[in-house]
Protein chains: 4
Amino acid sequence: MATRRVGLWLIGAFGSIGSTVALGLASLKRGLASPVGMVTTLSEFQKLPLAHFEEIELGGHDLRPDDFTKILTDTHAAAGLYSLAQINACKEDLVSWQSNIRPGVLLPCEERIRTQGQDNWIQLVSSPLQAIQKIGEDLRDFKQKKQLDQIVVVNVSSTETQFPAQNCHARLADLNQALAKGEAVLPASSLYAYAALDAGFAYVNFTPSLGASIPALAELAEVRKTVHAGQDAKTGETLLKTVLAPMFAARHFKVLSWVGHNILGGGDGYVLDDPRNKQPKMQSKEHSVSSILGYKPQTHVSIEYIESMQNWKTAWDHIHFEGFLGTKMTMQFTWQGCDAMLAAPLVMDLARLSLYAQSKGEVGILKHLACFFKSPIGVTEHDFFQQFEMLKDHLGV
Amino acid sequence: MATRRVGLWLIGAFGSIGSTVALGLASLKRGLASPVGMVTTLSEFQKLPLAHFEEIELGGHDLRPDDFTKILTDTHAAAGLYSLAQINACKEDLVSWQSNIRPGVLLPCEERIRTQGQDNWIQLVSSPLQAIQKIGEDLRDFKQKKQLDQIVVVNVSSTETQFPAQNCHARLADLNQALAKGEAVLPASSLYAYAALDAGFAYVNFTPSLGASIPALAELAEVRKTVHAGQDAKTGETLLKTVLAPMFAARHFKVLSWVGHNILGGGDGYVLDDPRNKQPKMQSKEHSVSSILGYKPQTHVSIEYIESMQNWKTAWDHIHFEGFLGTKMTMQFTWQGCDAMLAAPLVMDLARLSLYAQSKGEVGILKHLACFFKSPIGVTEHDFFQQFEMLKDHLGV
Amino acid sequence: MATRRVGLWLIGAFGSIGSTVALGLASLKRGLASPVGMVTTLSEFQKLPLAHFEEIELGGHDLRPDDFTKILTDTHAAAGLYSLAQINACKEDLVSWQSNIRPGVLLPCEERIRTQGQDNWIQLVSSPLQAIQKIGEDLRDFKQKKQLDQIVVVNVSSTETQFPAQNCHARLADLNQALAKGEAVLPASSLYAYAALDAGFAYVNFTPSLGASIPALAELAEVRKTVHAGQDAKTGETLLKTVLAPMFAARHFKVLSWVGHNILGGGDGYVLDDPRNKQPKMQSKEHSVSSILGYKPQTHVSIEYIESMQNWKTAWDHIHFEGFLGTKMTMQFTWQGCDAMLAAPLVMDLARLSLYAQSKGEVGILKHLACFFKSPIGVTEHDFFQQFEMLKDHLGV
Amino acid sequence: MATRRVGLWLIGAFGSIGSTVALGLASLKRGLASPVGMVTTLSEFQKLPLAHFEEIELGGHDLRPDDFTKILTDTHAAAGLYSLAQINACKEDLVSWQSNIRPGVLLPCEERIRTQGQDNWIQLVSSPLQAIQKIGEDLRDFKQKKQLDQIVVVNVSSTETQFPAQNCHARLADLNQALAKGEAVLPASSLYAYAALDAGFAYVNFTPSLGASIPALAELAEVRKTVHAGQDAKTGETLLKTVLAPMFAARHFKVLSWVGHNILGGGDGYVLDDPRNKQPKMQSKEHSVSSILGYKPQTHVSIEYIESMQNWKTAWDHIHFEGFLGTKMTMQFTWQGCDAMLAAPLVMDLARLSLYAQSKGEVGILKHLACFFKSPIGVTEHDFFQQFEMLKDHLGV
Ligand SMILES: NC(=O)c1ccc[n+]([C@@H]2O[C@H](COP(=O)([O-])OP(=O)(O)OC[C@H]3O[C@@H](n4cnc5c(N)ncnc54)[C@H](O)[C@@H]3O)[C@@H](O)[C@H]2O)c1
Ligand SMILES: NC(=O)c1ccc[n+]([C@@H]2O[C@H](COP(=O)([O-])OP(=O)(O)OC[C@H]3O[C@@H](n4cnc5c(N)ncnc54)[C@H](O)[C@@H]3O)[C@@H](O)[C@H]2O)c1
Ligand SMILES: NC(=O)c1ccc[n+]([C@@H]2O[C@H](COP(=O)([O-])OP(=O)(O)OC[C@H]3O[C@@H](n4cnc5c(N)ncnc54)[C@H](O)[C@@H]3O)[C@@H](O)[C@H]2O)c1
Ligand SMILES: NC(=O)c1ccc[n+]([C@@H]2O[C@H](COP(=O)([O-])OP(=O)(O)OC[C@H]3O[C@@H](n4cnc5c(N)ncnc54)[C@H](O)[C@@H]3O)[C@@H](O)[C@H]2O)c1
Ligand code: NA
Ligand code: NA
């Protein structure tokens, strides 16, 4: 196994999550960090032959040219995250991986995202099909140059605006036909997903964007005998909802209302500040509670961009519930988390687990990864612990 | 099954929990309340032949003579709990059940509890053995007078001071010998437990007091072919700890410290204000987190009696944890619950489930009831959802 | 002074605040309640010859016919507020005052408010001028029938939608001309204010609606030698903002962001659930912090209607600030208040203080009442304690 | 004024506050930091001829030899405070000031403090008088070597255990007599205070230790015509209490209970973890609320050392109050502050203001500095804003 080489390709590689994965992976390889926050390093998962940190090569797309060392150092100065010593020690990898990052594709409509990027670094494409082709080339190039056995593509790019459903999403043949005609029937996230699956690579959608969450792309994965998982990683407030709601259910409390207010800064917060980009995230956050309870209490979720919060998010949840004899009671929580630090270890978990699944010959949606997502494709179970059991059962750990 | 009659005997019947059980049961019988907060009325438990509300007769011991209607009406006036209409509609049962309440036994040392009671209502006993005998008589009397098929005794009386371990606790023969000599080797809670088990009745310890949690009494239960469960019901802050700690474990976070501060009023709060009575409760609340995590973060628990809170408890928990790359994050919660309303439905659950177990021929500690307790006897699992699975598995639901 | 009789006329008399004022006043008269929450009963105000509770007669307008006893009893049943014994003891006044309530006026546009009322109880008017006239008649009628020396009209009706500024608002002559032409240049709240001031009565605007907050009506007050105050009472979250922001200023902290989320139920919450009705309230809540600090940190305020909260409001505020050497720190608070109970005593304070001002010959805007309002007309000071000093200085207490 | 030179002498110079003052002062001199958190840099104080940052020379005592640069760098690594760039830029001052730090004196009893220090660095003294003498020599030495016009001594050393009151504390003559006999009638903090005042220097007690808070030392200050202020700086939870309690009073709410729980790490937290050292701090925190309200609600304060919190403190306060018609409401807050960053700017404020007072010829207790302290000596006013007005009035700003 010493010679296995795998590629982790990040769409949005220069974002908060992307750069934290880069530093994290480089640190873990060197034994400079402990894998706190990674599920796959829990003792029960040790026996699985998952990719070792030193076997992983990093690459990716982004809309702007950037520099891992600079991004990390700037964030350290501004928000106190990361250690300068660690950044320095990992410089070799950071520099080397940076040279694997290729300009990304963006569709015309995404104003909010565009303001953060740099237009001239975008790959100019004249049609969706050409975009898919260019992305595919970048991926195959990476595989060949780095002599990789497997590649997993993880979407950690900015949340796109809601993309309207299309008739051609139902079947691969129809989708291909529409694409052949040059029709704008897919958002950028789905073009990346198409390219990854088409090339036979594993694909993970860490974001609430559409990605591979349409039947036509599920079909493509089956055809190409590859795997995919998504969507929208469950790292904070929604994780807690899916941990707490089962308790309210098991104790037969009647949840009357569940209000969740999220404030955050950073690039993700900035993009989500546009109502159109916020919408997919809101939808993804809304449904878990009622799904677990089996009825719909009044719910309200807000996400606000508060610049001073930088890379931090605070969520305040107010849960109003009825106990015995109509007595109303309240639970409130605040969650003060650093999103990139919550997300990065899960990106590595998802990469390792989907590569492993593919290597075992699994095909299609990886339903056993539901515990990682707010809106797990193909799975109706939202209870975190039930999902975690599904994961362990499937892996036999 | 129409003719089945069961008795629910409450030690501490006139307390907050006791009187709420009385009103609750009478209301449920009449269809005046919905069984919110009762686990055994969840749909998956419906198929079990558990005692119906109208089959249950209430009795109990208390240290003071009192009046259910008055207790409930006074609490309504002071704290806004219960509805006067419901109290009125249930008067018949409340009055009838009240006549089943017998004076209790108390050991000399319990000053804090004594100040709430009325000394002249205590049954004068000259020895522990005589106390056991008198309690036993009360129970058998109840059974005969009300023509009951089964009885379950539930301890919902004030938390006793810590009772020191005794050598004779190890074996029933030794315990009997010490008792025969008139030695004060058992606290009041254990005298009640002895009497209940000795008479072949089911016994549940809802409190952190010693009750049946010694090997000699477990032995007695086996000998008498009866069942018991305990100890210290898990209704609020500790419930949340055993719901949240598994998430921190599953996500491989490193919990650095877990601080929990509880403030409460009421009779329970008053008694717990004495450090000696508080000690068993503190112990019971302390160990769950480290047991679930598998390591010991710094923990701190406080319980303070704040008179103005009356029947309400507020817990504030501060959980400090480390995520990826050494990043420290924080979760805080506040829980604002009415303890009697949280407890009463579980008292009925435990009564129904232990009567059912006994009727099926089970004997000894009912380990499948662990999800109801902070310190489940004979069970090391503290994870609430694992415990809930144990319950459902055992019951085949 | 034994023979002094004053009238307190409430626009929105059957609302939460209105009915609480009715019960409160009747209880205070009878010595059945202590004046907790009333500023004018603090010891330093005792020496002022303010109206005694037994000198006050209650009347008002509302859009629906209703019954004080029923409103109060229903709220008791639903939300546990008030005591039935107190309601019973006050029945005489409640019934008598109820007969003083007259059907109100509403302008066509207010859909959200209309759904709560009963159209047939509205006084049909063919023009704004006729509305003013009818309101004036009701007020003068009340004065004469009850032989009152003074009347104060307090607007505690639902928050109206934002009313656009009009050129004719600048001068009374222009306003009168527009009204004479039948133009819809005033919202209902201003028609009531016009009528009250025109009749020489004191007027207080407890709400964020426009009321008397335009130059033309200030002019009218001067002409009629009467007094007025407003707008939008400061009872909860905003009160705290104007208490805490001065501390951040005095300690030279740099407030980076101040986020406030409010959730509430009740009639007020229901009406504010319409974005158009919420807008004036939001504006009123927004400006205090920056006004006190002297610079504009990022602020965000939300108000959400959560039905299960009934008469209660919970506010969560997150204040992010910078201390020495760029260190970011956080203060958060939650405020769990019952709005009607916070508001009713202030309604009585404002009534007493404006009647007193008028009786002393003051004329125009009562700027010394700024501490009671979120948007005090004519006053730029928002610091609560500075405002409180202004009050005490003006009154010489 | 260009030639004025003043000395700021810190007892406990190598502690969190001490080292933050060192870095802060050096940064301010260089224009590398903005004076956020300093009261005396608010615009209204600009016109006072207070000492400029570049006029201040730092010195002090501590129980252990240490190195400012190392302390600051280590804290940066462990807790993310300070910027490495700033530390580097200030190295010259840090190194130079460090050479001004002299070994301190400690009394035999202080075990908790001793464990943090290094015994061999303590100045060996055979009697209290000799301690006073040696401290005095260090101070005069500093004055002479650095050619200082004035010196202010600020106690920022660890909180001592409660020191019992002595008869000889009442009068200077008696105190001197007891000291002459070698009696242990003063804790270390008071020996430092004695030495400072005796040498005619200004003295500020930032801690809850006894310091100069006894009549005999007040007398000494009068005799030597110098000034002093104390005790226990008001930087967090207590500051908020004295900001919020006046609001509850002004609005005539009845506070039922006020519970405050503090958790903190760091050296201060470690020392306070000993109940004997905690006691003076608890006392200092307890009395403000009832003093402001004029009655005593139930109060509870706890301080717990939670190691993982490092230099941070979180306070959770639960305020239960009664509003109109007996309605109970709740305010809760959490305060997440970095104590050294809150304290350091106030140390500089107090130094500047007491030097200024002395230079203007003031003598004795500086009562106008009450707003800086939890237990202001000689002042009964605890209301923060009243105290702040006292400050501004006294200074004529
Ligand atoms: N951090 C979490 O806890 C969490 C949880 C769930 C989902 N997410 C999602 O993960 C995503 C990334 O979060 P982040 O905090 O790293 O955001 P970020 O704004 O810091 O980074 C996003 C990066 O994506 C790049 N990008 C945008 N559009 C692109 C495109 N079409 N092609 C290539 N690159 C593109 C941007 O240039 C940027 O560098 C977001 O969608 C977020 O909603 C995060
Ligand atoms: N409510 C909860 O959520 C919860 C959870 C776990 C445990 N508990 C425990 O349940 C118990 C009851 O709580 P509560 O709120 O009803 O308390 P309570 O003080 O209102 O009632 C206790 C009753 O027990 C009676 N009593 C005391 N000693 C007795 C004795 N020796 N014999 C007979 N009667 C005796 C008292 O007179 C009183 O009426 C407490 O021990 C409490 O710690 C409660
Ligand atoms: N409670 C507080 O703390 C607080 C603070 C500031 C402002 N306010 C404002 O006070 C007002 C009253 O609050 P509430 O909780 O009593 O509301 P509510 O909805 O319970 O009562 C409002 C009443 O006004 C009546 N009404 C509406 N339009 C009217 C009209 N044109 N003429 C006559 N009657 C009319 C309604 O029928 C209703 O009975 C609201 O505008 C609210 O925003 C309340
Ligand atoms: N930071 C705040 O917000 C705040 C507020 C009020 C009071 N205080 C008080 O300020 C003091 C200092 O706080 P800190 O966080 O810097 O504590 P710290 O533990 O970091 O530093 C205290 C320093 O004092 C030294 N010391 C102890 N006894 C001494 C003695 N007898 N002579 C000379 N040096 C001695 C110690 O060696 C240590 O270096 C504490 O008493 C604390 O309670 C702090
Ligand atoms: Na919102
Ligand atoms: Na405590």
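Here are some exercises with worked solutions on a predicted model, covering its ligands, domains and chain pairs.

**Exercise 1. The surroundings of ligand 3**

Task: Find which residues come nearest to ligand 3, and describe the shell around ligand 3 by class.

Solution:
- Step 1. Start with the neighbours, using a cut-off of 4 Å between heavy atoms. There are 26 residues around ligand 3, and C:D62, C:V105, C:S157, C:Y192 and C:T235 come nearest.
- Step 2. Sort the shell by class. The shell around ligand 3 holds 10 nonpolar, 9 polar and 7 charged residues.
- Step 3. Look for the helices involved. In chain C, α1 (16–29), α11 (266–272) and α14 (339–359) each contribute at least two residues to the shell around ligand 3.

**Exercise 2. Polar contacts and burial of ligand 3**

Task: Which side chains place an N or O atom at 2.6 Å, 2.9 Å and 2.7 Å from atoms of ligand 3?

Solution:
- Step 1. Take the oxygen atoms of the ligand. An N or O atom in the side chain of C:D62 is 2.6 Å from an oxygen atom of ligand 3. For the side chain of C:T159, the distance from an N or O atom to an oxygen atom of ligand 3 is 2.9 Å.
- Step 2. Turn to nitrogen. A nitrogen atom of ligand 3 is 2.7 Å from an N or O atom in the side chain of C:Y192.
- Step 3. Add the burial. Ligand 3 exposes 850 Å² when taken alone, and the protein buries 96% of that.

**Exercise 3. Placing ligand 3 in the domains**

Task: Why does ligand 3 lie between domain 1 and domain 2 of chain C?

Solution:
- Step 1. Note the bounds in chain C: domain 1 is 6–233 + 341–395, and domain 2 is 237–338.
- Step 2. Check the shell against both. Each of these domains of chain C gives residues to the shell around ligand 3, so ligand 3 lies between them.

**Exercise 4. Ligand 2 in chain B**

Task: Describe the contacts and the shell of ligand 2.

Solution:
- Step 1. List the neighbours. Of the 28 residues around ligand 2, the nearest are B:D62, B:V105, B:S157, B:Y192 and B:T235.
- Step 2. Separate backbone from side chain. A backbone N or O atom of B:S16 is 2.9 Å from an oxygen atom of ligand 2, while a backbone N or O atom of B:D339 is 3.2 Å from a nitrogen atom of ligand 2. From the side chain of B:D62, a polar atom lies 2.6 Å from an oxygen atom of ligand 2.
- Step 3. Work out the cover. The protein buries 96% of the 850 Å² that ligand 2 exposes when taken alone.
- Step 4. Assign the shell to elements and classes. Two or more residues come from each of α1 (16–29), α11 (266–272) and α14 (339–359) of chain B. By class, the shell around ligand 2 has 12 nonpolar, 9 polar and 7 charged residues.
- Step 5. Finish with the domains. Domain 1 (6–233 + 341–395) and domain 2 (237–337) of chain B each supply at least three residues to the shell around ligand 2.

**Exercise 5. Ligand 4 in chain D**

Task: Which atoms of D:S157, D:T159 and D:D268 lie 2.8 Å or 2.9 Å from an oxygen atom of ligand 4?

Solution:
- Step 1. Begin with the backbone. A polar backbone atom of D:S157 is 2.8 Å from an oxygen atom of ligand 4.
- Step 2. Move to the side chains. A polar side-chain atom of D:T159 lies 2.8 Å from an oxygen atom of ligand 4, and one of D:D268 lies 2.9 Å from an oxygen atom of ligand 4.
- Step 3. Complete the picture. Ligand 4 has 850 Å² of accessible area on its own, of which the protein covers 96%. The shell around ligand 4 divides into 11 nonpolar, 9 polar and 7 charged residues.

**Exercise 6. How the chains pair**

Task: What rotation superposes chain C on chain D, and through which surface do the copies meet?

Solution:
- Step 1. Read the operation. Chain C superposes on chain D by a rotation of 180 degrees with 0.0 Å of shift along its axis (RMSD 0.0 Å). That is the relation of a two-fold axis.
- Step 2. Locate the axis. Of the residues of chain C, C:F333 comes closest to the rotation axis, with its C-alpha at 2.0 Å.
- Step 3. Compare the interfaces. In chain D, 100% of the interface residues of chain C are also interface residues, so the copies meet through the same surface.

Technical notes
Residues are numbered from 1 along each chain as its sequence is written. Chains are lettered from A and ligands numbered from 1 in the order in which they are written. This is a predicted model: local features need pLDDT of at least 70, side-chain atom pairs count only at pLDDT 80 or more; totals for chains, interfaces and linings use all residues. Side-chain values use heavy atoms; hydrogens and water are left out. A polar contact is a pair of N or O atoms within 3.5 Å; within protein, one must be able to donate a hydrogen and the other to accept it, and residues adjacent in sequence count only if both atoms are side-chain atoms. Accessible areas come from the Shrake-Rupley method with a 1.4 Å probe; for residues, only the protein chains shown count as cover. Helices (H or I, at least four residues) and strands (E, at least two) are DSSP runs, numbered from the N terminus. Ala, Val, Leu, Ile, Met, Phe, Trp, Tyr, Cys and Pro count as nonpolar, Asp, Glu, Lys and Arg as charged, and the others, Gly among them, as polar. Domain bounds come from an automatic or database domain assignment. Copies are superposed by least squares on the C-alpha atoms of residues with pLDDT of at least 70 in both. Contact means heavy atoms within 4.5 Å.
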